[in-house]
Amino acid sequence: FSYLIDGPLVLVGQELVGPTHHMIALGTERQIDAKAVPRQIEEVEAQNGVLIVAHPSRGYQPALTDAQRAEIDGAEICQAMSYSPKRAPELEAFFATGPFGAIGGSDFHGFGRIGECRTYIFTKVVTPAGVLDALRKKRTVVYTPNGKTYGDPALAALIADRPDLRAVATTDAPAPLIDWISRVCEIGRA
């Protein structure tokens, strides 16, 4: 109930990991123990949760069928891999394979820029239920480091004249040395 006292909004969930996929289940109250993708999707839906594909690099997500992709609510289009010219196209290629809501996340597996990839969620009520509903309806906008905008174009237009919102995701400021090294060497990337 932190949203009642103007604190951070916390959504309960878990990362679902398999040998060929990583997904995030949000709004689920019970742990999901299934390992197979179809069963994971069923369990998230049974709990009225939201399912997001995490860091969809070419090494992950090959197990998802077209029918399963249609049932997934969102996919990360902006995350630590977005800062690598070699890896960012992998996120874009996966995002193009389904009707996903745009997600920017800080899923972080090494050195890099934490917190710069953001999801702008458009909801009428800032509550867990309101946010989950907006994610289901794909009412999101994400700006990638290369300047592309993903998500609902009408919603993107609402904030197009707000460069302050885009500044973090598209910064040209020099990165700290360790970030530069991680991008050059691809250290710790999934």
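Here are some numbered notes to help you find your way around this structure.

1. **Before you start.** Please keep in mind that this is a predicted model. The chain contains seven helices and eight strands. Of its 190 residues, 43% are buried. If you look at contacts with a separation of 6 or more, 56% of them involve residues 24 or more positions apart.

2. **Helix H4 and the strands around it.** A good place to begin is helix H4, residues 128-136, where the buried residues are Gly130, Val131, Leu132, Ala134 and Leu135. Which strands do the buried residues of H4 pack against? They meet strand E2 (21-26), strand E3 (50-53), strand E5 (101-104), strand E6 (120-121) and E7. As a general point, an α-helix has 3.6 residues a turn, so residues three or four places apart point the same way.

3. **The end of H4.** Staying with this region, Lys137 and Asp133 join their side chains in a salt bridge, at 3.2 Å from N to O. Lys137 is exposed, at a relative accessible area of 54%, whereas Asp133 is partly exposed, at 31%. Take a look at the backbone here too: just after H4, Lys138 has a positive phi of about 60°.

4. **Salt bridges across the structure.** That pair belongs to a wider theme. How many salt bridges does a search of the whole structure find? The search gives six. In general, side chains of opposite charge can pair when their charged atoms come close. Arg39, Glu42 and Glu43 are joined in a network of such bridges. Another salt bridge connects the side chains of Arg87 and Glu90, with 3.0 Å between N and O. Are Arg87 and Glu90 buried or exposed? Both Arg87 and Glu90 are buried.

5. **A bridge between distant parts.** Next, find Glu92 and Lys148, whose side chains form a salt bridge at 3.5 Å, N to O. Why does this pair tie together parts that are far along the chain from each other, 56 residues apart in sequence? Glu92 sits in helix H3 (residues 88-95), while Lys148 belongs to the loop between strand E7 (140-143) and strand E8 (149-151), so the bridge ties together parts 56 residues apart in sequence. Glu92 is partly exposed, with a relative accessible area of 22%. Since partly exposed begins at 20%, the value of 22% for Glu92 counts as partly exposed. Lys148 is partly exposed as well, at 37%.

6. **Aromatic rings around H3.** The structure has four aromatic pairs. One of them is Phe94 with Phe100, a stacked pair with 5.2 Å from centre to centre and 15° between the planes. Phe94 and Phe100 are both buried. Another pair is Phe95 with Tyr150: the ring centres are 5.4 Å apart and the planes stand at 75°, so this pair is edge-to-face. The pair of Phe95 and Tyr150 links distant parts of the chain, since Phe95 is in helix H3 and Tyr150 in strand E8, 55 residues apart. Phe95 and Tyr150 are buried too. Taken together, Phe94, Phe95, Phe100 and Tyr150 make up one aromatic cluster.

7. **A cavity lined in part by H3.** Rolling a probe the size of a water molecule over the atoms shows where empty space is left. The structure has three cavities of 30 Å³ or more, and the second largest holds about 40 Å³ of space. Which residues line the second largest cavity? The lining consists of Ile77, Ser82, Ala88, Leu91, Glu92, Thr144, Pro145 and Asn146. H3 gives the largest share of this lining, with three residues. By type, the lining residues are four nonpolar, three polar and one charged. You will recognise Glu92 here from the salt bridge with Lys148.

8. **A buried glutamine.** To finish, turn to Gln68 in helix H2, residues 66-71. Gln68 is buried, with a relative accessible area of 10%. Which residues is Gln68 in contact with, leaving aside its neighbours within four places in sequence? Gln68 touches Val37, Pro38, Ile41 and Ala63.

Note on methods. Residues numbered from 1 in each chain as written. Predicted model: local features only at pLDDT ≥ 70, side-chain atom pairs only at ≥ 80, totals over all residues. Heavy atoms only, no water. Salt bridge = Lys/Arg side-chain N within 4 Å of Asp/Glu carboxyl O. Buried < 20%, exposed > 50% of the residue type's maximum accessible area, 1.4 Å probe, protein only. Helix = DSSP H or I, 4+ residues; strand = E, 2+ residues; numbered from the N terminus. Phe/Tyr/Trp six-rings, centres within 6.5 Å; stacked < 30°, edge-to-face > 60°. Contact = heavy atoms within 4.5 Å. 1 Å grid on protein atoms, 1.4 Å probe; cavity = no way out; pocket = protein on both sides within 12 Å on 5 of 7 lines; lining within 4 Å. Points joined across faces, edges and corners; volume = space filled by probe spheres on them. Nonpolar A, V, L, I, M, F, W, Y, C, P; charged D, E, K, R; others polar.
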